[in-house]
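Biologist: Please take a close look at the nonpolar packing of this model. Then go on to the voids.

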Amino acid sequence: MSVNAEITEGPLSGPILPEPVGRSRPVLPGDDPFYVPPAGFAAAAPGAVLRSREVELALLGVIPQKVSAWQLLYRSCDLHQAPEVAVTTVLLPFGADPDEERPLLAYQCAIDAIADKCFPSYALQRGAFSPGSLPPLEMLIIANALERGWAVTLADHEGMGGYFGAPREPGYRVLDGIRAALSFPPLGLDAATRVGVWGYSGGGMASSWVAEMAPEYAPEIDIVGAALGAPVGDPGETYIRLNGTLHAGLPALVVAGLRHLYPGLGRVIRDHADDEGIRRLDKIETMSTVEAVARFARDDFDDYTDIPLADILATPEVLEVFDDIRLGGRIPECPLLVVHPVHDQIIHIEDVDGQVERYVEGGAHVTYVRDRLSEHLSLMVISAPAMLEWLTDRFAGTPLPPSGTTTVWSIASSALSPLHGLLTVGRTAVRVLFARPLGPN
């Protein structure tokens, strides 16, 4: 954060320690008193702002971004709906008039890690040092929303524990972050503001939970659409497929976090994993996403257990977790755009097909586009113009495209994506790289 940033306390906030003078780097969330729950916070309504501060953002912590940004500490809840605090970073385009009507985009970053250095609230700040984390790179995508004049909320949707892959609670945190943003006066939003949801990969999974939990947890929020990119579908199946592959670090990150949430899973790991296996799970909790993938490439959990991994995966405790984290058990009420690569090297197309099928069978309106030419990383960029245009239409109240599944050679040449879309995304990336103001021209 800026060393001169003003911290505003909500009605339930207690005293907070000042930032040391001359600090050049923001404090990690685990050491930052801003994240400490104020006394009596549990009595506040979900989404109530408890504390706020203005912050400076920078690409990769170095290139300052010309955008208005604040962080909000607010009341939310965990997997079991026990009260907790959460943080979101909220943005307005550069020089925006808060009295001007605008939509709100809830963008979920692909945190995909447990370490707090990967949380968006830290990693996007000027001076942050988070090599190997993904949210800083997503600033190149987020900037496109600001260029269209939208307000943006970026919740730390994994919570302070960083439990990557946890079900439901990412939805609670994001929805409460939306509530906090709608009530935060500097943004100029209100209860009638139209809200869009967007995320890719780990962010697409979190966005799926937002769409699934909204009808029962936050029905008052006017979510007009959710754009889900490569949203995982079935994390348990993804674990089985990726274990022992180049991307084995990703399922290891999920297991390392979920063992703290599910006592049965934690007990199975303690009973059957050897000391080296436990040490590796402990170590991965400190790593960024890229570091974990690099260090755990080809790692096979079967090498660290006293019984075959297949037997462990068949235990009731593990099956319970796999069932709980599978997406599609609740049906979103907002329309959905889902995009996924047919040849995704990380998330199998069948898992997302299944998620979409469960939504459609439940009555959801889903426009599902399967892309033949892209793979996991490239589709994030290539699909951005289609996601932006689809969300723009939802904010404008344009009639929905047909519900159904389409397989295309490339979404870049589909009806959902204008030909100039990638050029616009590229131009915005240049503005980010050269620290140009982010907002409508």
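Modeller: A nonpolar core is a set of buried Ala, Val, Leu, Ile, Met, Phe, Trp, Tyr and Cys residues joined through side-chain atoms within 4.5 Å; buried means under 20% relative accessible area with a 1.4 Å probe, protein chains only. The model is predicted: local features need pLDDT of at least 70, side-chain atom pairs need 80 or more, and totals for chains, interfaces and linings use all residues. Numbering starts from 1 along each chain as its sequence is written, and side-chain values use heavy atoms, without hydrogens or water.

The largest nonpolar core has 123 residues. Leu-175 and Trp-198 have the most contacts inside it. Helix H6 (a DSSP run of H or I, at least four residues, numbered from the N terminus) gives the most to this core, with eight residues. Beyond four places in sequence, Leu-175 is in contact (heavy atoms within 4.5 Å) with Val-210, Met-213, Ala-214, Tyr-217, Ala-218, Ile-221 and Ile-223. Apart from the largest core lies another, of eight residues, including Phe-34 and Leu-50.

Now the voids. There are four cavities of 30 Å³ or more (on a 1 Å grid, points where a 1.4 Å probe fits but cannot get out; lining residues have an atom within 4 Å of a point). The largest has a volume of about 110 Å³, the space filled by probe spheres set on the points. It is lined by 14 residues; Asn-243, Ala-248, Ala-252, Asp-299 and Phe-301 are closest to its centre. H6 (249-261) appears again: H6 and helix H8 (275-284) are the elements giving two or more residues to that lining. The second largest cavity has a volume of about 70 Å³. Helix H4 (residues 202-217) gives the most to its lining, with four residues.

Notes:
1 Å grid on protein atoms, 1.4 Å probe; cavity = no way out; pocket = protein on both sides within 12 Å on 5 of 7 lines; lining within 4 Å. Buried < 20%, exposed > 50% of the residue type's maximum accessible area, 1.4 Å probe, protein only.
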